[in-house]
Amino acid sequence: MSETYDIVIVGAGTAGLSAAIYAARSGKSVMVFEQMSYGGQIVNTPEVANYPGIASISGFDFAQGLYDQATGLGAKVGFESVLSAHKKEDGFIVKTDGGEYEAGALILATGAKNRPLGMEHEEEWVGAGVSYCATCDGAFFKDREVAVAGGGNTALEDAIFLSEYCSRVYLIHRRNELRGEKHLQDVLRGRENVEFVLNVAMKELRGRDGLEEVVVTDKETGEDRVIPVAGLFVAIGQMPENGRFANLVNLDDKGYIVAGEDCRTAAGGVFAAGDCRTKEVRQLTTAAADGAVAALAACAYLRE
Ligand code: NAP
C-alpha cells in the first residue's frame with residue numbers, strides 16, 4: 001500500500017521547507033521530496049544579508065535552520081526524485097524513484113537550476129575548470145586566475161568572493177552594462193585584481209588537461225581576445241525544470257509554472273511556490289513568502 005499524506009511538497013529549498021513549516025503547524029501530514037540535498041540554491045551563498053530580521057547568516061546555516069524547523073514540527077523529508085504526479089478522484093498519485101505516494105494536495109517548489117552558457121562541449125569542462133558554484137569550487141583556484149561569466153548579482157557576488165583569494169578575476173559579460181546592484185559593482189571596481197571584460201560573446205574554451213584559456217569576441221570590433229584562466233564560473237541565471245508536471249499545470253514559454261501571488265495553478269489542489277513559478281522577483285524572502293501562501297492555500301483546499 002502506498003503511503004498517504006495530506007500534502008506532498010516537491011523540493012526542499014526555501015519555498016518547499018517554508019511550506020512544510022506552515023503546513024505542519026496547521027496540523028497536516030507533510031512529505032517533502034528532494035532529489036539532491038535540502039536547502040536549494042541558498043546553500044551556495046556565503047552570506048545572506050538581506051533577509052528581514054536576520055542581519056547576517058550563511059546560506060548553509062539558513063537552510064539548516066529551515067530543515068530543523070520543518071522536521072522538528074513533524075514534516076518528513078524523503079530524498080527521492082519525483083518522476084510524475086497525476087490527479088485521481090480525491091487527490092494525487094506521486095511517483096518517485098523510491099515508490100508511489102498519495103497526496104490530498106500538491107505543492108510544487110522545484111526551484112530552478114543553473115543556466116549553462118550553451119557552448120559546444122560545455123558539459124565536458126565541468127570539473128575540469130568550469131563550475132556553476134563559486135562558493136563550492138572557488139577554493140580550488142586559490143592564487144590562480146579565474147573568470148566569472150554573467151552580469152547579475154550572483155556573478156558580481158561570485159567575483160567579489162573569488163577576488164579575495166584568486167590572483168586575478170575577469171568579469172565577462174555580454175553587454176556593456178551590468179544588471180547587478182550598484183554597490184556590488186562599486187566593490188568590484190575598487191579591487192585591483194578585478195578586470196571587467198564587457199560587451200563580449202564567449203567563443204571558445206581551451207586547455208589540455210584542464211581549462212587554460214577562454215576566448216571571447218568583442219561585439220563591437222569583432223576581435224577575439226584570449227584570456228588565460230584556470231577556472232570559469234558561470235553565473236548567468238537559472239532555468240526551471242518543470243516538464244514532468246506539464247500534464248497537471250500550465251508552463252510559460254520559459255518553463256515556469258503559471259501561478260499568481262496566491263500560488264494557485266490551473267489545477268485545483270496544485271500550488272506552485274518559489275522560483276519555479278511565474279513571478280517578477282526571485283529572492284529568499286519571496287520564496288519563503290510563497291511557501292507560507294501555498295501551504296495555507298493547500299490547507300484551505302483540503303478543508304473545502
Ligand atoms: P540574473 O539576475 O537573471 O542575471 C543573469 C545574468 O546572466 C544577466 O546579467 C544576463 O545578462 C546574463 N545572461 C543570461 N543568459 C545569458 C547567456 N545565455 N549568456 C551570457 N549571459 C547571460 O541571475 P542571478 O544573478 O543568478 O540572480 C537571480 C536572482 O537572484 C536575481 O533576482 C538576483 O537579484 C537575485 N540575487 C540576489 C542576491 C542578493 O540580493 N544578495 C544575490 C544573488 C542573486 P543580461 O544582463 O544581458 O540579461
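How many helices and strands does the protein have? The count comes to six helices and 17 strands. Bear in mind that this is a predicted model. With a radius of gyration of 21 Å, close to the 19 Å that the globule rule gives for 304 residues, the protein is as compact as a globular protein of that length. There's also a ligand in the picture, and it lies between two domains, because both of them give residues to the shell around it.

**Overall build**
- The C-alpha trace spans about 65 × 40 × 35 Å along its principal axes.
- As for burial, 48% of the 304 residues count as buried.

**Where the ligand sits**
- Domain 1 takes in 3-114 + 238-303, domain 2 covers 122-234, and each one supplies residues to the ligand's shell.
- Helix α4, residues 153-163, is the element that gives the most to that shell, chipping in three residues.

**Who surrounds it**
- The ligand has 17 residues around it, and the closest are N50, T154, E157, R175 and R179.
- Sorted by class, that shell holds nine polar residues, seven charged ones and just one nonpolar.

**Polar contacts and cover**
- N50 puts a polar side-chain atom 2.8 Å from an oxygen atom of the ligand.
- T154 also has a polar side-chain atom 2.8 Å from a ligand oxygen.
- For Q283, an N or O atom in the side chain is 3.4 Å from an oxygen atom of the ligand.
- On its own the ligand would expose 910 Å², and the protein buries 74% of that.

Technical notes
Residues numbered from 1 in each chain as written. Predicted model: local features only at pLDDT ≥ 70, side-chain atom pairs only at ≥ 80, totals over all residues. Heavy atoms only, no water. Near = heavy atom within 4 Å. Polar contact = N/O pair within 3.5 Å; in protein donor to acceptor, adjacent residues only side chain to side chain. Areas by Shrake-Rupley, 256 points an atom, 1.4 Å probe, with all protein chains shown as cover. Helix = DSSP H or I, 4+ residues; strand = E, 2+ residues; numbered from the N terminus. Nonpolar A, V, L, I, M, F, W, Y, C, P; charged D, E, K, R; others polar. Domains from an automatic or database assignment. Rg over C-alpha atoms; globule rule 2.2 N^0.38 Å. Buried < 20%, exposed > 50% of the residue type's maximum accessible area, 1.4 Å probe, protein only.
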